[in-house]
Amino acid sequence: MIATNRYLDTLERSGIRRFTNLANAYPDCIKLTIGEPDFDTPAPIKAAVLNALAENRTHYAPNQGVAALRREIAAFETRRGMQCKEEQVLITAGATGALFTALMGILNPDDEVIIPTPAFPLYESIVRLAGAKPVFLDTKKDGFQLTSAALEEAITPKTKAIVLNSPNNPTGAVLTEASLKAVKAAVLGKDIFLVCDQVYQGLSREKLPDLTLEKALEKQLFLCQSFSKPYAMTGWRVGYLIGPEPIMERLLLLHAAKVAAIPTFLQDACITALTVDVGEMAEIYEKRRSFVCRRLDEMGLSYPKPKGAFYVFPEISQFGMSDEEFCTRLITEGKVAAVPGSCFGCPGHIRISYCCGDAQLETGLARLEAFLRNNF
């Protein structure tokens, strides 16, 4: 067989999809696996895309994105305190496109990228595709936070970037001011980029600690953002990347070679999305989070306290089996699906997603409780 790109041999199929597919084989299984809002896209956004189609906004968009959307994003982020210009904004195919463009655009073979774990597996995949080396920094030992000591040990002369995800997938944990202060001190003035995946920030009603607002780091920062989670637009596949202007000019070449441009009519609708109040959805997620945590407490399970996203990450190592075996049996015997923590670089845990209907969530957790009671 003719050889393919050797870096593809380093990739594995998504564990999230693998366990979701296993659950699909059991029609009555409750799936608490996928991080996808159960809400429909808000009506004003859908109306905007229909209007754009009616106005024949179906031709090529500029590679960088529709100027009006980039201006609105720059204004949106500036109101948040980031201080950016439209020239720094690149419209991408979801946050996946933003992460891919940022990491592939800055990495060379043998560079190192620090990935605090547990972490979304996509980060490792992109780093390996670039021929670079992922350096995993275990945060569990420090309460799922970052410390100066841990960062000092992980950083080497080959370190090119650190990936930060807060609120975190899979834990729901939020990096504290102390953690972000440690990161800033570790990288300020060095040739190290910070790639900030903040796709879950829009789901929080409270103001969260945020390193992208640090003006002193603006030449080292990339913000990867998406319309998917806060606006229930997962299937639209639109996001954006913001970074230092001179570097963004170079990354535009990579983006243009990869996807050319994001559909024009979708970008028009995203302008409307930035005006939509998602507070009601955020409030519902908070209520679900409280419910899930209360039920896990009743089951005697420990977990890092989630403060964002829509995940909880209970520990199951006390039951004497791997998390993969636990999740497999949970599906086949308990008829409820979760994702093994090992898929995120943190074995001994499972990820529970609570972005599903209340009745489904209640039934799923009742089945988890019954599975524990019947087997342990």
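How much area does the protein expose, and what share of it do carbon and sulfur atoms supply? In this predicted model, the exposed area comes to about 16600 Å², with carbon and sulfur atoms supplying 52% of it. On the inside of the picture, 54% of the 376 residues count as buried.

As for overall form, the C-alpha trace spans about 60 × 55 × 55 Å along its principal axes. The radius of gyration is 21 Å, and that agrees with a compact globule, because a chain of 376 residues folded that way would come out near 21 Å. The secondary structure adds up to twelve helices and twelve strands. Contacts reach well along the chain, too: taking those between residues at least 6 apart in sequence, 74% join residues at least 24 apart. Then there are the charges, 41 positive and 43 negative, whose mean positions sit 1 Å apart.

Now for the nonpolar interior. The largest nonpolar core holds 72 residues, and the ones touching the most other members are Ile 73, Phe 227, Leu 296, Phe 326 and Leu 368. Helix H10, running over residues 279-299, gives the most to this core, with seven residues. Leu 296 makes a handy example of how the packing goes. Setting aside neighbours within four places in sequence, Leu 296 is in contact with Leu 301, Tyr 303, Val 312, Pro 314, Ile 352 and Leu 368. Another core, this one of 25 residues, lies apart from the largest one, and its members include Leu 103, Ile 106, Val 113 and Leu 122.

Key:
Residues numbered from 1 in each chain as written. Predicted model: local features only at pLDDT ≥ 70, side-chain atom pairs only at ≥ 80, totals over all residues. Heavy atoms only, no water. Helix = DSSP H or I, 4+ residues; strand = E, 2+ residues; numbered from the N terminus. Rg over C-alpha atoms; globule rule 2.2 N^0.38 Å. Buried < 20%, exposed > 50% of the residue type's maximum accessible area, 1.4 Å probe, protein only. Contact = heavy atoms within 4.5 Å. Areas by Shrake-Rupley, 256 points an atom, 1.4 Å probe, with all protein chains shown as cover. Lys, Arg positive; Asp, Glu negative; His and termini not counted. Charge placed at Lys NZ, Arg CZ, Asp CG, Glu CD. Core = buried A, V, L, I, M, F, W, Y, C linked by side-chain atoms within 4.5 Å.
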